[in-house]
Amino acid sequence: MSKYCIYSSISILSLLITLSSFASSCHNPSLTWLEQMNASRQSTVLLHNDSSLIPVIDLDNKRFASVNIGSVNATMFDSIANKYTAVDRFSAEAYKSDANLNGLSTDLKLYNSVIVQIGQEAIYKESTLRFLKDMERSKQLVVVLYGAANTLAHLDSLESPLIW
């Protein structure tokens, strides 16, 4: 693997995290664009990366899916991710009649890497936690959580990387 691929992977993930966080902070008109970007970069936290899944390397051997569970930033996040590698989008909203999200799990069978973006309200649903545990058992899972610090406690049972 070339040094370029490794550094590129690090840069891609840093950019995705920063821009996603930036999107959620854009509602403060008193900050300039650069101030908002810097604030987002400083407020983004990576937890549970014991497996060193992040930075993502070897992009050519991964098939990515991005799952939106109540995140308002998913469209921008997915758009940026697709500039670097193919990322297929899924929304839990399309599976709302399936209380356990089993249909979504089935549709993700062909993917080996799954990024799940979760909004603050969705983290309190038992079906969300069951889905995350199921994905963690069978995929390389990265969780992106948008919300207040007190929501982090709901994900203590996960071992996958968590970006907050």
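What percentage of the 164 residues of the chain counts as buried? In this predicted model, the share is 43%. The accessible surface of the chain comes to about 9,000 Å², and carbon and sulfur atoms account for 55% of that area.

A good way into the fold is through its secondary structure. The chain has 5 helices and 6 strands, and along the sequence these elements follow the pattern α-α-β-β-α-β-α-β-α-β-β. Contacts also link parts of the chain that lie well separated in sequence: among contacts between residues at least 6 apart, 65% join residues at least 24 apart.

The interior comes next. In soluble globular proteins, nonpolar side chains tend to be buried together. Here, the largest nonpolar core has 25 residues, and the members with the most contacts inside this core are Val-67, Leu-108, Val-114, Val-116, Phe-131 and Leu-132. At least two core residues come from each of strand S2 (64-69), strand S4 (113-118), helix H5 (126-138) and strand S5 (140-145). Apart from this core lies another, made up of 12 residues, including Val-56, Phe-77, Ile-115 and Ile-163. Leu-132, in the largest core, offers a closer view of the packing. Leaving aside residues up to four places away in sequence, Leu-132 touches Val-116, Ile-118, Leu-141, Val-143, Leu-155 and Leu-158.

Helix H5 deserves a paragraph of its own. H5 has 13 residues and reaches 19 Å from its first C-alpha to its last, which is close to the 18 Å expected at 1.5 Å a residue. The buried residues of this helix are Ser-127, Thr-128, Phe-131, Leu-132, Met-135 and Glu-136. These buried residues pack against S2, helix H4 (102-107), S4 and S5.

Charged side chains add another layer to the picture. Side chains of opposite charge can pair when their charged atoms come close. A search of the whole structure finds 5 salt bridges. One of them joins the side chains of Glu-136 and Lys-133, with an N to O distance of 3.6 Å. Because Glu-136 and Lys-133 stand 3 residues apart in helix H5, about one helical turn separates them. The two partners differ in how they meet the surroundings: Glu-136 is buried, since its relative accessible area of 19% falls under the 20% limit, whereas Lys-133 is partly exposed at 29%. A further salt bridge in the search brings together the side chains of Asp-134 and Arg-137, at 3.8 Å from N to O. Asp-134 and Arg-137 also both lie in H5, 3 residues apart, or about one turn of the helix. Asp-134 is partly exposed, with 26% relative accessibility, while Arg-137 is exposed at 65%. As background, an α-helix has 3.6 residues a turn, so residues three or four places apart point the same way. Elsewhere in the chain, the side chains of Lys-96 and Glu-93 meet in a salt bridge at 3.2 Å, N to O, and Lys-96 is exposed, with a relative accessible area of 63%.

One more residue rounds out the tour. Is Ser-66 buried or exposed? Ser-66, which lies in strand S2, counts as buried, because its relative accessibility is 1%. Its surroundings can be listed by name: not counting residues up to four places away in sequence, Ser-66 touches Phe-77, Asp-78, Val-87, Asp-88, Arg-89, Phe-90, Ile-115 and Gln-117. Among these neighbours, Phe-77 and Ile-115 are also members of the 12-residue core.

Notes:
Residues numbered from 1 in each chain as written. Predicted model: local features only at pLDDT ≥ 70, side-chain atom pairs only at ≥ 80, totals over all residues. Heavy atoms only, no water. Core = buried A, V, L, I, M, F, W, Y, C linked by side-chain atoms within 4.5 Å. Buried < 20%, exposed > 50% of the residue type's maximum accessible area, 1.4 Å probe, protein only. Helix = DSSP H or I, 4+ residues; strand = E, 2+ residues; numbered from the N terminus. Contact = heavy atoms within 4.5 Å. Areas by Shrake-Rupley, 256 points an atom, 1.4 Å probe, with all protein chains shown as cover. Salt bridge = Lys/Arg side-chain N within 4 Å of Asp/Glu carboxyl O. Expected span 1.5 Å × (residues − 1).
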